[in-house]
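Let's take a walk through this fold, sheets and then helices. Have the model open and follow along.

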Amino acid sequence: MTKRCDQSTVWAELQAHYAASGRGFDIRAAFEADAGRFGALSFEAPEVFADLSKNRIDAATLALLLELARDCGLEGRRDALLRGDPVNPTEGRAVLHTTLRAPAGSDSPFNAEVQASLDAMLAFAEGVRRGERGAITDVVHIGIGGSDLGPAMVVQALQAYGRRDLRLHFVSNVDGHDLAPVLAGLDARHTLFVIASKTFTTQETLANAQAARAWFLGQGGTDIARHFVATSSNTAAAAAFGIDTAFGFWDWVGGRYSLWSVIGLPIAIAVGAENFRALLAGAHAMDRHFATTPLERNLPVLLGLVDLWYRNFHGFSSRSVAPYHQGLRRLPAYLQQLEMESNGKGVDLDGQALPFGTSPVVWGEAGTNGQHAYFQMLHQGTDVIPVEFIAVKRPNHDATGELAAKLADQHQKLLANCLAQSQALMQGKTAAEALTEQAPTASATLDREVLARHRSFPGNRPSTTLVLDALTPRSLGALIALYEHRVFVTGALWGINSFDQWGVELGKALCNQLLPRLQTGDTKGLDGSTAGLLARLTVA
């Protein structure tokens, strides 16, 4: 029998612990009192090193959080997920994205079918790379949500492993301003379109696909079957569109967990079969870490527990992700869907309203860009926002000579900035310290003590730093899987279903009702605001 986190007696103990020492916890004092804090709160997982020492936690906090996890049956819920039990009860489905990256011959569910699907998809990708579909120079992937965010993020992150003569483009927005600029620079004879929709009925995806088809025919293209391929289980609808090559997948492949499936076709085309398999291998290594490592050293579990500590006890409602690698600049957008669509729920598995907060707002930007934008708020704003830094030790600039030396120097600057930001968030600066400094841009007429208050920083602001030795297919796979399992941990403890997304359905249904009204201007029965806006937007 499992229980929701607040139904555990440990929950009350954590509340008392928070009131006694957690609320006033000072990270700086913790470092002064414990010279071994970094070593005690740093953890190794496949391809990822994590420093949790700049968080508002100590051994007592972690001990209580781990006790909570065990009392709530987290290990059993994890095992049920990996075993293929129907852990998505509202849709009656298993959730088996982990089996998509399990190696051939393993005892994971559906292994033989998964391997056959993977082999077929990778063979097609290699055929495209070899020119079997003509001299393809551009691949346009059309999808939305998980069918877009995952592949787009990974292709960008692994750009160093791609080919310069093969460009990948991603179109997701139904707004024609997304598709039109992409098509403007293409030659239909050398373009392959990948249409990603499990049901081949997704409104935005089908609208873009129809527009792409019209463009292709208008450019003199004649062989739809040669230049369009689908990742969809609705082969009949794809065939009606003119597509005779469609890669299907299973109902237990959720959109935000689908990049490991045939939805990853653009990744495979971009980086090749060997690198795609390395991506899967990295994720599988993290799966095994999650499945077998004791909770005290289990990185997804520890990160999830810290997330719960901040959300439900400190009341932090937001988390910023700052990857200090340009290749990971789309990672925050990917994580927004992964976490907020998974855990942005207000009822538990029994449909009962939750008395506590669930998913935080996840947002961010690549460093160092974020430093010159929103970091001002992180350092001196009124809200405490935990930050997650991601640093990559070795760059892959693909440069030689003097340029290589310059770029290597820039990478050192990048890493120094990453370390400095986490240090500054924790350390802060007192008004007394600010008084001793010169501020060249400050007004000469402003009272020095007033200026010092403007230039002080509260500090004690928490952060986690994740370190990769290099951004490779394997390390990226491990990093993504780490985030997937972390989201599962908090969802399981909150007692929610992290694998449905009913919150996106209502807007879709209302859109279908409003669409014909935009053609006719009919506002009968609408609320005043919607009626007024529709009238304003209706084209006469």
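Start at helix 9 (residues 203-218), which lies across strand 3, strand 4, strand 5 and strand 6 and runs at about 160 degrees to strand 5. A few terms before going on: helices (H or I, at least four residues) and strands (E, at least two) are DSSP runs, numbered from the N terminus. Contact means heavy atoms within 4.5 Å. Axes are lines fitted to C-alpha atoms, for helices over the stretch in contact, with angles from 0 to 180 degrees between N-to-C directions.

Keep in mind that this is a predicted model, where local features need pLDDT of at least 70, side-chain atom pairs count only at pLDDT 80 or more, and totals for chains, interfaces and linings use all residues. Residues are numbered from 1 along each chain as its sequence is written, and side-chain values use heavy atoms, with hydrogens and water left out.

What sits under helix 9? It's an open sheet of 4 strands in the order 4-3-5-6, paired in parallel; two strands count as paired if DSSP finds at least two bridges between them. Strand 4 (167-171) and strand 6 (228-231) are its edges, each pairing on one side only. On average, neighbouring strands here are turned by 20 degrees against each other, direction ignored. Inside the sheet, strand 3 (residues 138-142) and strand 5 (residues 191-196) run parallel over 5 bridges, and V139 stands opposite L192 in strand 5. Helix 8 (residues 176-184) lies across strand 3, strand 4 and strand 5, at about 160 degrees to strand 4.

Now hop over to the other open sheet: 6 strands, ordered 1-2-10-9-7-8, with mixed pairing. Its edge strands, each paired on one side only, are strand 1 (42-45) and strand 8 (361-364). The twist from one strand to the next averages 20 degrees. Helix 20 (residues 473-494) packs on this sheet, touching strand 2, strand 7 (318-324), strand 9 (387-394) and strand 10 (463-470), and its direction makes about 150 degrees with that of strand 10. Over at strand 1, the pairing with strand 2 (residues 48-51) is antiparallel over 4 bridges, and E44 stands opposite F49 in strand 2.

Last stop, a helix pair. The axes of helix 21 (residues 505-520) and helix 22 (residues 528-537) come within 9 Å and cross at roughly 45 degrees. That makes helix 21 oblique to helix 22, because angles under 35 degrees count as roughly parallel, over 145 as roughly antiparallel, 65 to 115 as roughly perpendicular and the rest as oblique. Where do they touch? L514, R517 and L518 in helix 21 meet T530, L534 and L537 in helix 22.
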